2 protein chains.
Amino acid sequence: MQTTTDNGEALTARQTEVLDVALRLLVEGGDSLTMTAVARRASCSKETLYKWFGDRDGLLTATVRWQASKVRTGNYDRQQLDAATLRESLEGFAVNWLSVISSSTSIALNRVAVSHAGSGKSNLGGIVLANGRFAIGERLKPLLEAGRAAGLLAFDDAEEAFRTFFGLVGRDVQIRLLLGDTLKLSPAAIADDAKRAVDRFFTLFEAANRPKIRSL
Amino acid sequence: MQTTTDNGEALTARQTEVLDVALRLLVEGGDSLTMTAVARRASCSKETLYKWFGDRDGLLTATVRWQASKVRTGNYDRQQLDAATLRESLEGFAVNWLSVISSSTSIALNRVAVSHAGSGKSNLGGIVLANGRFAIGERLKPLLEAGRAAGLLAFDDAEEAFRTFFGLVGRDVQIRLLLGDTLKLSPAAIADDAKRAVDRFFTLFEAANRPKIRSL
DNA sequence: CCCGAACCGTAACGTACGGTACGGTATAGC
DNA sequence: GCTATACCGTACCGTACGTTACGGTTCGGG
């Protein structure tokens with residue numbers, strides 16, 4: 001079996017098995033991912049690890065890409081869009097995003113990526129950004145623009161509107177979790193937060209609420 | 001000379017000198033802060049470092065606290081509050097917060113704190129949270145409540161309102177910077193962003209805009 | 001059946017760094 | 001002047017971990 005990612009790499013089933021072990025170690029505690037630990041837990045030799053991934057950074061990079069390839073979801077391209085489906089889609093995005101950033105996997109991955117971004121070596125931060133913040137932006141902006149085309153939303157710059165949506169949804173959640181705050185987000189709480197965020201987004205960007213010319 | 005912090009520790013001038021060196025090393029690159037490097041750059045012996053700070057974690061903790069003690073600012077307690085001064089104060093908070101989180105010092109500190117939060121050891125994440133996210137919350141909430149008391153703002157929960165403000169101001173800035181995105185925030189851009197964030201906050205929470213009872 | 005490729009397990013190497021020890025120097029108190 | 005304290009500089013120790021090397025096993029192709 002071959003699992004192909006969008007990076008031109010082809011991963012065998014055995015290799016993805018190893019990467020899942022690496023992922024699990026990452027979640028268990030940032031620095032518990034040692035080459036020896038991965039080899040032992042995956043029942044493979046270190047020689048094989050180095051053959052497949054080059055060095056520790058290569059393994060880390062492959063692990064991050066592997067996780068990214070797992071959470072990638074299809075783009076939304078709706079044919080007809082009314083207020084209800086737009087709202088529903090936005091809430092879907094918000095729920096999904098909150099679920100992702102509050103998952104232990106995402107937290108662990110972001111932590112290691114943040115650490116590496118400080119050390120300059122490799123580019124884990126860039127990979128995480130590309131598959132997180134920027135990926136969701138590229139998927140959401142077409143929806144926002146469709147909403148504008150349908151006369152439901154009003155904004156000048158889709159990027160700007162998206163960043164505001166991002167802030168309304170995420171608020172302080174990600175930084176608190178990354179810094180170790182024990183913040184429990186139940187599915188119900190996530191649903192509530194998502195709904196409230198979308199409400200506020202509509203308050204700010206609903207076409208009817210577009211700020212009128214102030215004079216008169 | 002003695003610089004006292006609110007932690008009961010008293011730091012001599014020489015000690016703060018050492019901590020500034022540690023801070024500089026932290027900014028230069030996450031893992032370049034080794035005990036040997038600090039000792040050499042600060043022209044002090046490692047023995048002294050261990051005597052003063054116990055171990056590496058102690059030095060790191062002292063460094064984080066030291067930086068925190070430098071950025072701490074007074075609380076706002078206004079006597080009379082009108083719409084203009086409220087807006088001005090909120091913009092001040094926003095500008096200050098954006099300036100802090102986009103500073104290289106804050107980025108470096110948050111990176112090391114995030115790393116340590118993953119490893120369980122020490123409590124750098126908690127310290128950074130207490131002096132960042134939570135400190136600003138405690139300073140801002142009285143202002144929001146004063147705004148509500150003055151009939152300028154409408155919200156049920158000050159914490160909730162603050163978290164929304166936090167999201168509107170910070171958006172994706174902090175996570176992007178932590179992950180290594182080269183995001184330049186000029187003072188002018190910060191001022192613009194702050195103003196826009198406060199505008200949106202007022203759109204959401206201005207007393208006149210409070211959602212009326214839907215029935216009728 | 002034989003060969004080579006791929007892989008496992010383990011041992012070994014090199015190094016970087018946290019932590020300790022120690023000799024040398026200055027300064028303060030007596 | 002004398003001793004104690006605090007400190008600098010450097011050498012040293014132990015360890016953890018990345019990386020390499022190697023012997024043994026399995027398996028597919030000729």
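Helices here are DSSP runs of H or I with at least four residues, strands are E runs of at least two, and both are numbered from the N terminus. This is a predicted model, where local features need pLDDT of at least 70, side-chain atom pairs count only at pLDDT 80 or more, and totals for chains, interfaces and linings use all residues. Residues are numbered from 1 along each chain as its sequence is written, with chains lettered from A and ligands numbered from 1 in the order in which they are written.

**View 1. The surface near DNA strand C.** α3 (46-53) of chain A, plus α2 (35-42) and α3 (46-53) of chain B, each bring at least two residues to this surface. α3(A) gives the largest share, four residues. In total, 17 residues surround the strand, and the closest are A:C44, A:S45, A:T48, B:T34 and B:D55. "Near" is a C-beta atom, placed from the backbone, within 6 Å. By class, there are seven charged, six polar and four nonpolar residues; charged is Asp, Glu, Lys and Arg, nonpolar is Ala, Val, Leu, Ile, Met, Phe, Trp, Tyr, Cys and Pro, and the others, Gly among them, are polar.

**View 2. Around B:A22.** Skipping neighbours within four places in sequence, B:A22 is in contact with B:L33, B:V38, B:L59 and B:T63 (contact: C-beta atoms, placed from the backbone, within 7 Å).

**View 3. Where chain B meets chain A.** Each chain puts 35 residues into the contact. On the chain B side, α6 (104-119), α7 (124-131), α9 (158-170), α10 (173-178) and α11 (187-205) each chip in at least two residues. α6(B) has the largest share there, eight residues. That side splits into 14 polar, 12 nonpolar and nine charged residues.

Technical notes
Contact = placed C-beta atoms within 7 Å.
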